[in-house]
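Please walk me through the packing in this structure. I would like to start with the aromatic rings and then turn to the core.

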Amino acid sequence: MNDNDEICPVNETLNLFNRKWILCIILDLFDGKTHFSEFQEANPTLSNFTLSQTLKYMEEKKLITKITHENIRDNTEYQLTKKSKKANRILYEMTIYALDELECSKFANDKKDKILNRYKNSIFFSKFVCL
């Protein structure tokens, strides 16, 4: 195996999250949304078909688990897996970079704080931030 054949961990990570809507859904899950209808409401331009396909993909990649409750009207819930919860720190660092260095750096500081708090308020953020 030569250097060109080696797998790049950064590329592999980016490829996992590169499909459109995955990061939006992960952020929705971090915000406490767990149902199909909540994802639709939070992302109005996301079609039912695309949402359904994205959730299936995320399940296959072990980013979410699907839980079905009997005798409950909106009976399907989605939850982050340990694998996707670990991404919180990455998302936080990417957000800091974007807010400081990219077009979104024009946000006022109060909006930046609100955006960053999406990650800081996650239960799992505190476990990984000090690594």
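How many aromatic pairs does a search of the whole structure find? It finds one. Note that the model is predicted.

The partners are Phe 39 and Tyr 78. A pair of aromatic rings is described by the distance of the centres and the angle of the planes. Here the centres are 6.1 Å apart, and the planes meet at 50°. That angle makes the pair tilted, because stacked needs under 30 degrees and edge-to-face over 60.

Where do the two rings come from? Phe 39 belongs to helix 3 (residues 36-42), and Tyr 78 to strand 2 (residues 76-80). The pair therefore ties together parts that lie 39 residues apart in sequence. Both partners are shielded: Phe 39 is buried at 0% relative accessibility, and Tyr 78 is buried at 7%.

Another ring has a charged neighbour. Arg 19 lies over the face of Tyr 57, at 3.9 Å from the ring centre.

Now the core. In soluble globular proteins, nonpolar side chains tend to be buried together. The largest nonpolar core in this model has 21 residues. Several elements give two or more residues to this core: helix 1 (9-17), helix 2 (22-30), helix 4 (48-60), strand 2 and helix 6 (87-101). Helix 2 supplies the largest share, six residues.

Which residues have the most contacts inside this core? They are Ile 25 and Ile 26. Leaving aside residues up to four places away in sequence, Ile 25 touches Leu 51, Thr 54, Leu 55 and Met 58. Ile 25 also touches Phe 39, the helix 3 partner in the aromatic pair.

Note on methods. Residues are numbered from 1 along each chain as its sequence is written. This is a predicted model: local features need pLDDT of at least 70, side-chain atom pairs count only at pLDDT 80 or more; totals for chains, interfaces and linings use all residues. Side-chain values use heavy atoms; hydrogens and water are left out. Rings of Phe, Tyr and Trp (its six-membered ring) pair if their centres lie within 6.5 Å; planes under 30 degrees apart count as stacked, over 60 as edge-to-face and the rest as tilted. Helices (H or I, at least four residues) and strands (E, at least two) are DSSP runs, numbered from the N terminus. Buried means under 20% relative accessible area, exposed over 50%, partly exposed in between (1.4 Å probe, protein chains only). A charge sits over a ring if NZ of Lys or CZ of Arg is within 6 Å of the ring centre and within 35 degrees of the ring normal. A nonpolar core is a set of buried Ala, Val, Leu, Ile, Met, Phe, Trp, Tyr and Cys residues joined through side-chain atoms within 4.5 Å. Contact means heavy atoms within 4.5 Å.
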